[in-house]
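User: Could you take a close look at the charged pairs in this model for me? I'd like the cut-offs spelled out, and a word on the aromatic rings afterwards.

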Amino acid sequence: MNYDEFSFFNQQLAAMLRDGIPLEGALRRLCEEMRSGGLRTELELLETDLAKGVPLAHALDARKLPELYKQMIRVGVESDNLPGALTMLADYYHWQNNLWVRLKGLMVYPLIVLFVAFLVSTFCTVMWRKILEPNLFSLFVYSEEGMDRSISNAGQLLLHSWIFPLVFGSLFLICLTIIFIPKLREKVRWKLPAFKEASVARVASTMTLLLKGGVNFPDAIRLLAKLETNPIVAADLQRWQENISQGMKKFSEIAAKNCLFPPLFVWIVSNAGEDLPTGFQRSAEMYQSRAFYRTEIALYSLLPISVLFLGAIVLSQAYLLASAFEIFTFLS
C-alpha cells in the first residue's frame, strides 16, 4: 500500500466530512480521482457496501485495509468524531511514509552496488575465459618446465576468476532473501541501526494514535500485539498485558523486562506519569529523530564506501587484464 496516497486520501476525506458531505458521496468522489490499484478497489467496494446500507463496522471487516485503520475508524464512529480519527490516521501514515521511504533508500543503494558488481565481474569472467581458457592448460605445462612463477600465479587467478561473480551474486541474493522473506526481515529490522529506532518509533506512534483515539491502555496493547509480526516483540507486549492483569499501574513496572524495547524508551514513557499518550508521543518523536539521523549518516557513508568498493572491483579487473597481457606476451 502506498502510505503517502493513503495519507492524502484520509486528509481529504476528513475535510469533506467536516464540510457536511456524506461519507458515501465523499468516498465516491475521492475514488474517482485515485489511480487504479488495490487501494482504490478496496475503497470503491467499501463505498458500494455503505450505499447498500451495510453498517460501517461490518463493511470494514470485509475490506483488505490495515487492521489499525479499521480499529481507529470504529473508534471514531463510536466517539462521533470520525473526521478527527481520519486526521490522526492521515498524520500517522504520512509519518510512516516519510520514515520508511528513507529506510528503503538505505536498502536499495547497496543492492544496486552489489548487482552492478555482479554484472561487471560476470562479464569480465566470461570474457577472460573465452580469451584465455584455451591457453590455460599449456600455461601450467610450461610452469612445470620452469615458467616464471608470477605468470603461473596469474594463470591460476584467471582460472579462479569465477569467485568474484559468485561472491557478489551470493551477497545480492542474501540481501534479497532478507527483504522478501517476512520472518527474516522482521529479525533483521529489530537489530540493524536506524531500522531498530524506526521500529520502536512505529510502536510508540501506534500507541499514541490508539490512546488519543480513545482506546484504553490494555486494549491498545492487546491490539498492538495482534498487529506485531515479530514474535519477540509480541512476547514483550504479552508480558505487558500480564503485568497489567497482576495489578501493576506504573509503566516502568509494566515494561520492566523487555527483550527488544530499550530502557530509554521505557524511561521516556514513564516520565509522563499517567499521561501515557504524551509519553508515547515523546518517545515516538525522539526515536523518529534518531532513525532519521542514523539514516542520514548511513546514506552519507554509503557513497564513499561504494566508491571504494567499486574501485576495488576495477583494480581487481585491471590486475586480471595485466595478467592476461603478461600471459599473452609469454605465449607469443
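Analyst: Here's a walk through the salt bridges, with the overall build before them and the aromatic pairs after.

First, the ground rules: this is a predicted model, so local features need pLDDT of at least 70 and side-chain atom pairs count only at pLDDT 80 or more, while totals for chains, interfaces and linings use all residues. Numbering starts from 1 along each chain as its sequence is written, and side-chain values use heavy atoms, with hydrogens and water left out.

The chain has 15 helices and zero strands; both are DSSP runs numbered from the N terminus, with H or I over at least four residues for a helix and E over at least two for a strand. Of its 332 residues, 42% are buried. Buried here is under 20% relative accessible area, exposed is over 50%, and partly exposed is in between, using a 1.4 Å probe and protein chains only. As for contacts (heavy atoms within 4.5 Å), take those between residues at least 6 apart in sequence: 63% of them join residues at least 24 apart.

Now the charges. Side chains of opposite charge can pair when their charged atoms come close. The cut-off for a salt bridge is a side-chain nitrogen of Lys or Arg within 4 Å of a carboxyl oxygen of Asp or Glu, and the structure holds 10 of them.

Let's start with Arg 35 and Glu 5, whose side chains form a salt bridge at 3.7 Å, N to O. That one links distant parts of the chain: Arg 35 sits in the loop between α2 (23-33) and α3 (38-51), Glu 5 is in helix α1 (residues 3-18), and they are 30 residues apart. Arg 35 has a relative accessible area of 54%, so it counts as exposed.

Next comes Arg 63 with Glu 42, where the closest N and O atoms are 2.9 Å apart. Here the loop between α4 (56-61) and α5 (67-78) supplies Arg 63 and helix α3 supplies Glu 42, a link across 21 residues. Both Arg 63 and Glu 42 are buried.

Then there's Arg 74 with Asp 61, with 2.3 Å between the closest N and O atoms. Because Arg 74 lies in helix α5 and Asp 61 in helix α4, this pair ties together parts 13 residues apart in sequence. Arg 74 is buried at 19% relative accessible area, whereas Asp 61 is partly exposed at 48%. Shared partners also matter for the bookkeeping: salt bridges join Glu 42, Asp 49 and Arg 63 into one network.

On to the rings. A search of the whole structure turns up 17 aromatic pairs, meaning rings of Phe, Tyr and Trp (its six-membered ring) with centres within 6.5 Å; planes under 30 degrees apart are stacked, over 60 edge-to-face, and the rest tilted. Phe 115 and Phe 172 make a tilted pair, 5.3 Å centre to centre with 40° between the planes. They bring together helix α6 and helix α8 (residues 163-180), respectively, from 57 residues apart. Phe 115 is partly exposed at 36%, while Phe 172 is buried at 17%.

Trp 190 and Phe 261 go edge-to-face instead, at 5.7 Å centre to centre and 75° between the planes. Both Trp 190 and Phe 261 are buried. They also belong to a cluster linked by ring pairs, along with Phe 217, Trp 240, Phe 251, Phe 265 and Phe 280.
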